[in-house]
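Work through the exercises below with the structure in view. Each task is followed by a solution in steps.

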Amino acid sequence: MTRYILRRLCLLPLVVLGVTFLLFFLTQRLSPEMRASLYVKDPRQMNALEEVIRQYGLRDNVFKQYGRWLKNVAHGDLGYSPSANMPVAQALKQYLPATIQLAFVTMILVVFFGVWFGAASAVHKDKWQDIVARLISVGGFSLPIFVLGLLLLMVFYGQLHWFSPGGYSIQTDIIIHGAGFKTYTGFLLIDSLLNGQWRVFGDVLSHLVLPAMTLCIGSFALMVRVMRSSMLEELSKDYVRTARAKGLSKYQVVYKHAGKNAIIPVITLAGIQFIRLLGGTVIVETIFDYPGIGRFGVLAAQQLDIAGILGFSFLVAILFVAGNLLSDILYTAVDPRIRLE
Amino acid sequence: MTEPILRVENLSLSFVTENGTVPVLHHLSYSLPKGKILAVVGESGSGKTVQALSILKLLAPNARVDSGKVIYRGKNLLACKENTLRNVRGSKIAMIFQDPGSSLNPVLTIGEQLTETLRAHRKMSQEAARKKAAQLLTQVGITEAEKRLTEYPFQFSGGMCQRVMIAMALALDPDILIADEPTTALDVTIQAQILTLIKELQRQNGMSVIFITHNLAVAAQVADEVLVLYAGQCMELAPAPDLFAKPLHPYTQGLLSSLASVTHKAQRLPVIAGTPPRPGEIVKGCPFAPRCTQATTKCFETCPPLFAQKSRQVRCYLQEAQ
Amino acid sequence: MTAALVVRNLAKTYVRKPWMGAAIQKEVLRDVNLTLEKGKVLGLVGESGCGKSTLCKVILGIEPITSGTVEINGKNSASFGKKEWRALRRELQVVYQDPYASLDPRFTVRQLISEPLDIHGLYTDKASREKYLREVLAAVQLDSAYLDRFAHEFSGGQRQRIAIARALVLNPSILIADEPVSALDVSVQAQILNLLKDIQHKRNLSMLFVTHDLAVARFLCDDIAVMHNGHIVEYAPAEELFCAPKETYTQNLLAAVPTVPGREA
């Protein structure tokens, strides 16, 4: 098992190198002058482009430039992001916790309701529970995320005024940037509680609800389907008949016996979905103006902020491999056949 | 003749499919004597497994009981509520299945699967259940029981899995054990061991056993009585020694003589021509008539009833006169 | 006269090489020696996992040989290229255990048994093809009216007849039968066993008959090789082996076979 994890960890640099090099290679399609102009803040310096090109070696061979970027990364320097107006590393550090927080809350919703609906749907096959679950699932698949996001905004923000999009309230900003507020984890949801700031907690949570609901719908639909088919398959297996023949209650047969087997594919899926959410919050964060790395990535792309884009994809690549590894480890925790082999 | 422990009366069953209703059992009746082994012999599609599953109402959702009763201790199990049945399942009537590997839950330890059976029916502490589980494993011939309780089914061979299934079935001293092709998936040497084990435990506990098999030779090893099923109907029901010494139904005769033997080399095997009717095929008259060498026009017109003859019953007009 | 099939000192080891760490070796066949004489039936008997299926795969060239040789009609199979293997299919055919899995249910009987002829470009003109197909069906005792029915319409026993017809259509000299009756209903097994015996006799086929069922082996085989843990433990003429088994393993195996009392005299 440890060897397996080690082997997977070896894969990590390969994926990260591959992704970032590909992006790096693509940015070379821009002329050195265009790239140099990104370093220039003052329009009056535009005539000094040639010097910038020389200074940063923008005409060098792509491998040499990539090597230089890597060397800087190794020193913790991901470059300066003009779009965020701060070093890329600092921007990622600031925005990532908010995204993880969003993805995590979403995942809790997805797994909890997905497993519940999926299992109920399989157990009551062709009854009303099944029909409802399948309708929701089909709806979730066919509703584009931006349509749902805008709908929710219209209803809950425009009509009902329950939740608010955009940044946190001014009071929240004042408190969290104030001297008394200690940062423990970087996750505002947790830090606010640790600081005993209930109002901040409430404000942060209310900013999470709509994006999380929007974000969860696609994964939820998939989760219901996977759980349903997995559960149906398990329920038809021989050991379920054995469990019934032993005189176990329906609850034990369904949840303890079939459920424990049916959940195995769901766990892998949940891991992959979580990662997908981390890198795929772009649309939702943009719609709700949520301060996460997705929004950072979009702004960087819009403003041709090469350092920002590279930093964003660098992070997403790492998360991707790490997440897959995590779900594999979870998988083995549930399935003894893999754990003990 | 002792009072039977279980009586199946006039049981008819069918499956409801997209293409209509497919009858699988026709008016099956038999009784299981206390402390005896009844072998139910039949080919695939004969209804032998279905009738066994119906005793505990473990049938697939699309199965429909058309008529009949299963009487156990004065109660008709087919009319019982799920809760009542649950108290019978595993504790009074236990069951083991054909494929021991897939009949155990792959992600639960052997210990967990054994103790949960015990705890489902008896108030028992986890420790006491575990102790009893270890005892049971030892009883079915599994060594190092304590250690093996912590293992998973995939760490057991097929024969060992079947031993675990047997231990699980015997956990609560049931009155009846239903064994559905328990040795079909096993090698001959392992099969011999499992058969011996079942017989031994049956004698020790005074259990009654319904032993389902397609293999007449296996039935001959264990059975006190044999019921031969064909196309969902009882063809012949007789004490085992009588049946093997002198089979009365042409189907039983054909089956017995078509078996290849290890002890002598046959030049040709006597065969039963044709194939068994497919499920759902409408058969007028005796279902075996199309394959029977002794069939008369009468056989094709109306199905013979069961003719009783001392301790045996045969569904064949040839036995009518006697 | 050369033998149809000679297996000499055959060994087969599966090696699994993980991405990191040492290779894991599993020896499935060791020191296997067998000779299938022309026109004879050699029974390969053993319990599940003893290596009999692997041996078949090695003989058929599906699995590479680790060491030793397989000679088919006097030619060493190690020297075969793609072309030779293809030509060999006309000499060497297989009938598998499960006629439900080995026949595509959406094919008609005609398509199923014509396929090998098409591949090898035989009986290309329509009339002779039709005549030949009817002959082959008759050989397995199937009505020629079945030619245009689909495989899924048939019962297990009939399907196995179709599978045998497909194996015979190229008129091979060697037939490998891998547990051909164990998936069939009891009342149908005897039919197929008789059929195989007749065909073997009529066509003077050399047959390697793989089975776990000793009774079936006794009925059909001239010689028997008993296999255990990838090794041949006893190899003798059938009558000798059944009447006076030498090895304890064979004796145990024979003793374990359930029999019907009174019938064994």
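**Exercise 1. The sheet of chain C**

Task: Find the order of the strands in the open sheet of chain C, and state which strands lie at its edges.

Solution. In this predicted model, the open sheet of chain C contains four strands. Reading across the sheet gives the order 2-1-4-5, and the pairing is antiparallel. Strand 2 (24-36) and strand 5 (75-76) of chain C are the edge strands, since each pairs on one side only. Next, take the pair formed by strand 1 (residues 5-16) and strand 4 (residues 67-72) of chain C: five bridges join them in the antiparallel sense. To place this pair residue by residue, start from C:Val7, which stands opposite C:Val70 in strand 4 of chain C.

**Exercise 2. The sheet of chain B**

Task: Trace the sheet of chain B and explain why one side of strand 2 and of strand 5 is left without a neighbour.

Solution. Chain B has an open sheet of four strands in the order 2-1-4-5, paired in the antiparallel sense. Strand 2 and strand 5 (75-76) of chain B stand at the edges with a single partner strand each, so one side of each has no neighbour in the sheet.

Now follow strand 1 of chain B to its partners.

- Strand 1 (residues 4-17) and strand 2 (residues 20-33) of chain B pair in the antiparallel sense over 10 bridges.
- These two strands form a hairpin, with two residues between them.
- Within strand 2 of chain B, B:Tyr30 is the residue opposite B:Val8.
- Strand 1 of chain B also pairs with strand 4 (residues 63-72) of chain B, in the antiparallel sense and over eight bridges.
- B:Arg7 has B:Ile71 in strand 4 of chain B as its bridge partner.

**Exercise 3. Where chains B and C touch**

Task: Describe the contact between chain B and chain C, and find which helix gives the most to the side of chain B.

Solution. Chain B gives 33 residues to the contact, and chain C gives 33 residues. On the side of chain B, the elements with two or more residues are helix 8 (188-205), helix 9 (216-222), helix 10 (240-245) and helix 11 (250-258). Helix 9 of chain B gives the most, with five residues. Sorted by class, the side of chain B that touches chain C has 18 nonpolar, 10 polar and five charged residues.

**Exercise 4. The two domains of chain A**

Task: Describe chain A as a whole, then say how its two domains meet.

Solution. Begin with the overall figures. Chain A has 16 helices and two strands. Its C-alpha trace spans about 85 × 50 × 40 Å along the principal axes. Of its 341 residues, 36% count as buried. Among contacts in chain A with a separation of 6 or more, 72% join residues 24 or more positions apart.

Then divide the chain. The domain assignment gives domain 1 (2-82) and domain 2 (87-339) of chain A, and their C-alpha centres lie 32 Å apart. The contact between them takes 20 residues from domain 1 and 23 residues from domain 2. On the side of domain 1, helix 1 (2-27) and strand 1 of chain A are the elements that give two or more residues. Helix 1 of chain A gives the most, with 11 residues. That side of domain 1 has 12 nonpolar, five polar and three charged residues.

**Exercise 5. Helix 14 of chain A**

Task: List the buried residues of helix 14 of chain A and name elements that cover them.

Solution. Helix 14 covers residues 293-302 of chain A, and its buried residues are A:Ile293, A:Gly294, A:Arg295, A:Phe296, A:Gly297 and A:Ala300. What covers them includes strand 1 (80-81), helix 5 (88-123), helix 13 (282-287) and helix 15 (306-334) of chain A. After the helix comes A:Leu304, with a positive phi near 55°.

**Exercise 6. The largest nonpolar core**

Task: Which residues touch the most other members of the largest nonpolar core?

Solution. The core has 240 residues, and B:Phe211 and C:Phe209 touch the most other members. Helix 10 (residues 198-235) of chain A supplies the largest share of this core, 16 residues. Leaving out residues up to four places away in sequence, C:Phe209 touches C:Val41, C:Leu42, C:Gly43, C:Leu44, C:Ala177, C:Ala217, C:Leu220 and C:Cys221.

**Exercise 7. Confidence**

Task: What are the confidence scores of the model and of chain C?

Solution. The model scores ipTM 0.88 and pTM 0.83. Chain C averages a pLDDT of 90, and 97% of its residues score at least 70.

Notes. Residues are numbered from 1 along each chain as its sequence is written. Chains are lettered from A and ligands numbered from 1 in the order in which they are written. This is a predicted model: local features need pLDDT of at least 70, side-chain atom pairs count only at pLDDT 80 or more; totals for chains, interfaces and linings use all residues. A residue is buried if 20 or more other C-beta atoms lie within 10 Å of its own, exposed if 12 or fewer, and partly exposed in between; C-beta atoms are placed from the backbone. Two residues are in contact if their C-beta atoms, placed from the backbone, lie within 7 Å. pLDDT is the predictor's confidence in each residue, from 0 to 100. Ala, Val, Leu, Ile, Met, Phe, Trp, Tyr, Cys and Pro count as nonpolar, Asp, Glu, Lys and Arg as charged, and the others, Gly among them, as polar. Two strands pair if DSSP finds at least two bridges between them. Domain bounds come from an automatic or database domain assignment. A nonpolar core is a set of buried Ala, Val, Leu, Ile, Met, Phe, Trp, Tyr and Cys residues joined through C-beta atoms within 7 Å.
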